[in-house]
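Notebook open, structure loaded. These are my entries on what I looked up, starting with one histidine.

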Amino acid sequence: MFKHNILLPLLAIVVLFASCVTDTEVNNPALQAAKNDKLFKTDIRKAILGNDGSITISGSSLSESINIIVSDAQEGTYTFGNSFNDVATFLTFDQIFYTTGTGGNGTIEITDISNNEISGSFRFNALKNGSGEILNFQKGWFYKIPIENASGDTDSRTCELSSMTATIDDHTLTTDSHLVQNLGDFLLAKGTTPQEEITLFFPINITVGDYPLSSSGNYSATYEINNDRASAVSGTLTIVSHDIETQCITGDFNYVTTTGVQVTNGHFEFGY
């Protein structure tokens, strides 16, 4: 009788705790994952439909953010690391970014899109600045993330990423595939060909002017050829125009990489 009287209250506590956990997971929008075996949980989360049929799922804490672009806003499983159409990026508190790009790997499964909300799960390995050390995400899931423009009122901007060009040492590079990721406080812009890639990273509220480029921090750039990536050690990013309302931006860039590659006469025009 004594043991029975103790077990009943304990059982009630366990049931109550389990009920609270279930309510949190089932009834509230959420986005979280195990980041290098430690919990990363977002405070703010949203999803945005793109004019091209893609969907971007974003979440952020006070100091870090995650951004996932899926090429098709439909239920199904999509693979990271094969192209820039399906890509995951993570931004740390000190503005270092990790991306699946073409060197990472993983999958995302969209299990439900209904009532202007999206749910699913994900896992991936992202590379620092697109190369180097690996950041691992496991047991990632998102539940009832609101799709902000699900009513059909997609982006009102009048521009899209149209071009990125540069001179690389002694040859001209015109990229034929492009990706712009809105990371909340920052933009990550990439232009690629089958062999080469240029990446620019800078604050989303950047204004017209000149900014020094480096290998990390708020203003950085990289150049990759045949999967060999190098960061900028010096250079300049020049913003020529930036319309925050239409989300259109143009600029120029020049920099030297850690491997001595000269990137000059760079120019970009895109919407984000």
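**Entry: His 171**

I began by listing what His 171 touches, and leaving aside neighbours within four places in sequence, I got Ala 166, Glu 196 and Tyr 223. Contact here means heavy atoms within 4.5 Å. Before going on, a note to self: this is a predicted model, where local features need pLDDT of at least 70 and side-chain atom pairs count only at pLDDT 80 or more, while totals for chains, interfaces and linings use all residues. Residues are numbered from 1 along each chain as its sequence is written, and side-chain values use heavy atoms, with hydrogens and water left out.

His 171 sits in strand S13; helices (H or I, at least four residues) and strands (E, at least two) are DSSP runs, numbered from the N terminus. Its relative accessibility is 30%, so I put His 171 down as partly exposed. My cut-offs: buried is under 20% relative accessible area, exposed is over 50%, and partly exposed is in between (1.4 Å probe, protein chains only). I also checked a long-range distance: the C-alpha atoms of His 171 and Val 263 are 9.9 Å apart, with their positions 92 residues apart along the chain.

**Entry: positive phi**

Most residues other than glycine have a negative phi, so I went looking for exceptions. Asp 169 has a phi near 55° and is not a glycine. I found Asp 169 in the loop between strand S12 (163-168) and strand S13 (171-174). At 44% relative accessibility, Asp 169 counts as partly exposed.

Asp 37 also has a positive phi, of about 70°. Asp 37 belongs to the loop between strand S1 (30-35) and strand S2 (38-41). Its relative accessibility is 74%, so Asp 37 goes down as exposed.

**Entry: whole chain**

Next I pulled the totals. How many helices and strands does the chain have? I get one helix and 21 strands. Of the 272 residues in the chain, 44% are buried. Among contacts with a separation of 6 or more, 52% are between residues 24 or more positions apart. The accessible surface comes to about 13,400 Å², with 51% of it belonging to carbon and sulfur atoms; the areas are from the Shrake-Rupley method with a 1.4 Å probe, and for residues only the protein chains shown count as cover.

**Entry: aromatic rings**

I searched the whole structure for aromatic pairs and got 13. Rings of Phe, Tyr and Trp (its six-membered ring) pair if their centres lie within 6.5 Å; planes under 30 degrees apart count as stacked, over 60 as edge-to-face and the rest as tilted. Phe 122 and Phe 142 are a stacked pair, 6.3 Å centre to centre with 25° between the planes. That pair links distant parts of the chain, with Phe 122 in strand S10 (residues 117-128) and Phe 142 in strand S11 (residues 134-146), 20 residues apart. Both Phe 122 and Phe 142 are buried.

Then I looked at Phe 124 and Phe 137: their ring centres are 4.6 Å apart and their planes are at 25°, so this pair is stacked. Phe 124 is in strand S10 and Phe 137 in strand S11, so the pair ties together parts 13 residues apart in sequence. Phe 124 and Phe 137 are both buried. These four turn up in one aromatic cluster, made of Phe 40, Phe 80, Phe 90, Phe 122, Phe 124, Phe 137 and Phe 142.

**Entry: cavity and pocket**

My grid has 1 Å spacing over the protein atoms alone: a cavity is a set of points where a 1.4 Å probe fits but cannot get out, a pocket is an open set with protein on both sides within 12 Å along at least five of seven lines, and lining residues have an atom within 4 Å of a point. Grid points are joined across faces, edges and corners, and a volume is the space filled by probe spheres set on the points.

How many cavities of 30 Å³ or more are there? The count is one. The largest cavity holds about 30 Å³ of space, and its lining includes Phe 97, Asn 129, Ser 215 and Ser 231. Strand S16 (196-203) and strand S18 (220-225) are the elements that give two or more residues to that lining.

Ser 231 is in strand S19 (residues 228-243), and its 16% relative accessibility makes Ser 231 buried.

The second largest pocket has a volume of about 200 Å³. It is lined by 13 residues, with Phe 84, Thr 102, Thr 192, Thr 193 and Pro 194 nearest its centre.
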